[in-house]
Amino acid sequence: MPTLTINGRQVSVDDSFLSLPREEQDATVEEIAKSMPAQEPSGAMAGAKHGVAQVAHGVAETVKQNFGIGDGFDKRDPNYVPADPYKPSQWGQLIAENVPSIGTAIAGGKAAAAMAPGKFKIPAALLGATGAGWLMSAGDTIKERAANNGHEDPTANDKLIGNLTSGAGAVASAVPAARLVPGLNKVAGAGASAAGNALTKALTTVGSGVAGGAASDLATQVGTTAGTDQGLSVDPTRLGGAAITGGVTTGALAAPAFGGDMIRAGTLRKYVGDNEAASKNYATRLEAAGNGDLGKAKVDEAAHQRVVGDLKTELGDSAALVRKQVPNLSQEVENTISALQRGEKVNPDEIARIDREVASAPDGPNLALQARTLHVADMAAQRGGHSNRGWAGGLSGIMDKNLGFLLNPARLAGGAAATALGMHLLGTSNPLFGGALAGTYGAARMVDNLTGMRSPAKTFAEHFADRNAQLRVPPAAAPAAAPPPGGQAQGPWGPKPLPQQSVPQAAPPSAPAAPAGPDPLIANTMAHIALLQAQQPQAPQSAPQAPAAPQIDPLNLPTSITKAAKNLMGGHAAVKEIREKEQARTAVAGLQSPLVDDAPLDITQNPMVGKRASQLVSAAKALKKYTGADVAEREQAQAEAQAAREEKAAAREEVRAQRDAERKAEKEKTATERAQAMAERAKVKAEAAAAKAVQVQQKEAAKAELAKAKEAEKQAKAAAAVETAKVKAAAAKVKAPKVAPEAPKAEAPKADPAAYEPIADDLLWRKGMRTEDVAEREAQSTEPGMRKRFKEAVTFRRNTLERRLGEIAQDASDAGNDVDSTSLGRLYHQMDHSHRRADAERHLAHWTSKMDPSIKKAVYDAVTPLLKLWKE
């Protein structure tokens with residue numbers, strides 16, 4: 001009688017069921033299913049087990065169908081009732097069912113991405129997730145297609161179509177899996193924009209899960225039915241359930257990462273705004289220093305330290321340049337720069353002061369960027385904890401910093417060995433405690449990896465690293481003075497007058513747009529003639545008047561003429577021009593109205609030259625007055641500026657001297673304190689040495705006493721042996737009777753119940769106390785130098801007595817003998833509270849007399865060797 005599995009239940013049907021056509025068989029199964037009462041789903045735990053079994057079965061079936069290896073593997077529960085995706089109350093079980101399969105796809109994508117270079121990581125993740133999905137589904141698809149074709153063994157066509165359709169479905173389901181691979185879908189920036197990006201990322205992931213689930217199921221249904229004997233069949237209800245399953249599962253897996261993204265979007269807000277350029281600078285440097293391995297605690301710590309070291313070096317170089325360009329930096333800025341170089345914390349106001357005071361220097365922007373970047377690096381380092389295990393964040397980072405020493409593998413192994421010997425230390429080496437701690441740490445690591453909180457360095461780099469970020473600001477050119485409105489150039493005491501075309505200009509070929517000044521030779525000659533004309537009276541004008549020359553503005557002369565006039569006022573140019581009067585006369589001859597050849601040099605025949613000379617004399621006098629005032633004011637301003645600089649330099653030197661004196665005093669104070677501390681340590685060492693010497697003496701005395709006691713015992717035994725020999729010799733002389741009566745058998749001495757008095761219960765204070773506490777209390781009554789050995793002796797005696805009595809009781813119980821646990825317990829406590837060997841022997845004799853003969857000898861044999869541990 002065949003058996004069918006319908007809705008997770010085993011149903012037996014008649015043999016005639018097998019002879020029915022396929023359509024009637026399906027109709028019969030549906031009718032039976034409708035008549036069966038609805039079953040409750042198996043639950044989340046059963047769903048998780050079913051999901052793991054399904055993954056293992058799918059992989060084994062694919063290997064079997066494609067490569068002929070193995071016989072398959074099916075550990076799925078036949079009575080398992082799956083969750084209904086259309087009922088939200090069962091989504092917990094639904095997620096548990098599907099997490100193993102999508103988790104396997106995520107693992108495949110992560111492994112492939114880890115082996116690929118940077119720009120190929122996402123395609124590699126898709127390829128890895130696709131391969132994992134195909135491996136989990138191809139075997140069942142091939143098997144189901146073969147069944148729909150009416151044969152048990154798949155044909156080559158079944159395998160080809162089954163593999164192709166499984167691959168198509170795996171591609172569809174790989175998209176959400178690749179989006180869930182940690183570290184691939186980064187959310188850059190911070191604040192509201194990052195929160196929006198995180199929400200978009202989560203919604204896109206859930207949407208890809210819905211689409212991927214539907215597309216994958218559609219490919220499976222088409223691949224198992226299209227072209228088969230059963231014909232193409234697509235169940236829309238199943239298709240909708242697959243879409244819901246994909247969306248719910250990816251949503252559940254994306255929720256931790258979304259929560260982490262939202263938390264980081266809020267906590268990283270302080271790194272944007274004024275700090276955004278510095279954040280990109282630090283993150284880009286951090287990513288480069290990590291060399292692609294950020295995310296490992298020790299790599300993160302090393303990368304951070306390297307970046308901070310580089311920034312401090314660059315800050316010092318930039319500060320040296322800016323001090324030359326801005327000699328009057330405030331002491332507050334100097335203190336802030338020094339604090340940053342020492343690695344101390346500064347506040348945002350101090351960073352803003354640096355920005356303001358160095359803005360005008362060519363290297364000021366670079367100094368401000370490096371200072372703010374160091375400030376950002378310090379703030380970023382506060383995210384998480386730093387320990388010898390590296391830089392880590394989240395719950396596991398807190399455990400690394402505070403409990404990391406307990407997770408040392410050697411410590412755990414040593415604790416396990418000590419516990420096996422019965423001498424474990426409470427807590428720090430207890431393997432049960434260590435196992436619980438390791439499990440908690442592993443769970444914390446898992447949560448931190450899902451939320452992205454494990455590696456603050458990697459998170460910071462993902463949010464702010466930018467290959468186009470400006471790591472250093474090039475020095476700016478010195479700012480040129482902009483002309484004021486109206487086109488006038490700015491002079492030291494106000495705008496300069498605009499030049500006018502008073503002398504014919506000629507533009508040089510190299511710069512046609514800029515007018516050239518007058519010929520220096522002509523200008524000098526005209527100035528010389530003007531000087532002679534001012535010293536002598538004018539000659540009669542006989543020549544006709546020349547055309548009027550252009551008017552000359554004495555306050556707006558070309559630079560070449562004013563320079564020559566200034567030289568004349570100084571006297572040097574005038575003497576030179578008088579000595580070279582022949583050259584001047586030749587130059588004047590080239591003017592429009594030449595001089596009279598035979599006239600004396602001081603008599604001119606060109607009225608235009610005379611007029612110009614008169615104007616030049618006026619201009620020279622005005623220029624002397626104008627420039628003289630400028631020079632005086634300029635010299636006075638320079639003197640005042642020099643005095644201010646010297647005063648500030650003196651103040652700075654005074655501050656530096658005071659600071660050096662304070663540092664010197666602090667060093668001297670520190671040296672004194674260090675010397676005092678060394679003296680204290682030397683004193684403590686001397687006291688310890690003295691105590692150790694006393695302890696050695698006490699040990700030697702104890703050894704001597706022990707040796708003396710052993711020698712006395714040895715002598716007593718020798719004397720007893722001599723006496724015994726004498727008695728035996730005397731007895732040998734007495735003739736024994738021929739028939740001696742049989743001597744009664746010797747019996748073990750019996751304890752006298754009337755003479756025995758046990759220790760009262762109210763004096764048994766050690767009951768329930770730990771051995772460590774008992775040894776510590778007993779040791780208080782001994783000499784300080786002997787306490788350690790005394791504690792060890794008490795601990796060994798108590799633990800050994802307890803272990804041996806326990807072994808005797810266990811052996812007797814295993815042999816089926818009666819165990820007088822009361823007597824054994826009373827014996828243990830009475831001997832444990834005894835200080836003298838005689839008392840211990842008395843307790844042993846009394847309580848063993850109450851025991852069964854089968855264990856009495858075992859107790860004597862086990863406890864008697866221990867009696868030497870009690871004092872005589």
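The dialogue below asks how several descriptions of this predicted model are justified.

Student: What should I keep in mind about this model before we start?

Tutor: It is a predicted model, in which local features need pLDDT of at least 70 and side-chain atom pairs count only at pLDDT 80 or more, while totals for chains, interfaces and linings use all residues. Residues are numbered from 1 along each chain as its sequence is written, and side-chain values use heavy atoms, with hydrogens and water left out.

Student: What makes residues 191–225 count as helix 6, and how does the reach compare with the expected one?

Tutor: Helices are DSSP runs of H or I with at least four residues, numbered from the N terminus, whereas strands are runs of E with at least two. Helix 6 has 35 residues, and the expected span is 1.5 Å times one less than the number of residues; the reach from first C-alpha to last is 51 Å, close to the 51 Å expected.

Student: Why is the pair Asp 261 and Lys 201 called a salt bridge?

Tutor: The term requires a side-chain nitrogen of Lys or Arg within 4 Å of a carboxyl oxygen of Asp or Glu. The side chains of Asp 261 and Lys 201 meet at 3.3 Å, N to O, so the pair qualifies as a salt bridge. Asp 261 lies in helix 7 and Lys 201 in helix 6, so the bridge ties together parts that are 60 residues apart in sequence.

Student: How do you know whether Asp 261 is buried or exposed?

Tutor: Buried means under 20% relative accessible area, exposed means over 50%, and partly exposed lies in between, using a 1.4 Å probe and protein chains only. Asp 261 has 5% relative accessibility and therefore counts as buried, and Lys 201, at 17%, counts as buried too.

Student: Then why is Asp 355 called partly exposed, and what is Arg 372?

Tutor: Asp 355 has a relative accessible area of 27%, so it is partly exposed, whereas Arg 372, with 11%, is buried. Their side chains also meet in a salt bridge, at 2.6 Å, N to O.

Student: Which residues have the most contacts inside the largest nonpolar core, and what makes a set of residues such a core?

Tutor: A nonpolar core is a set of buried Ala, Val, Leu, Ile, Met, Phe, Trp, Tyr and Cys residues joined through side-chain atoms within 4.5 Å. The largest has 39 residues, and those with the most contacts inside it are Tyr 271, Tyr 282 and Phe 460. Helix 12 gives the most to this core, with eight residues.
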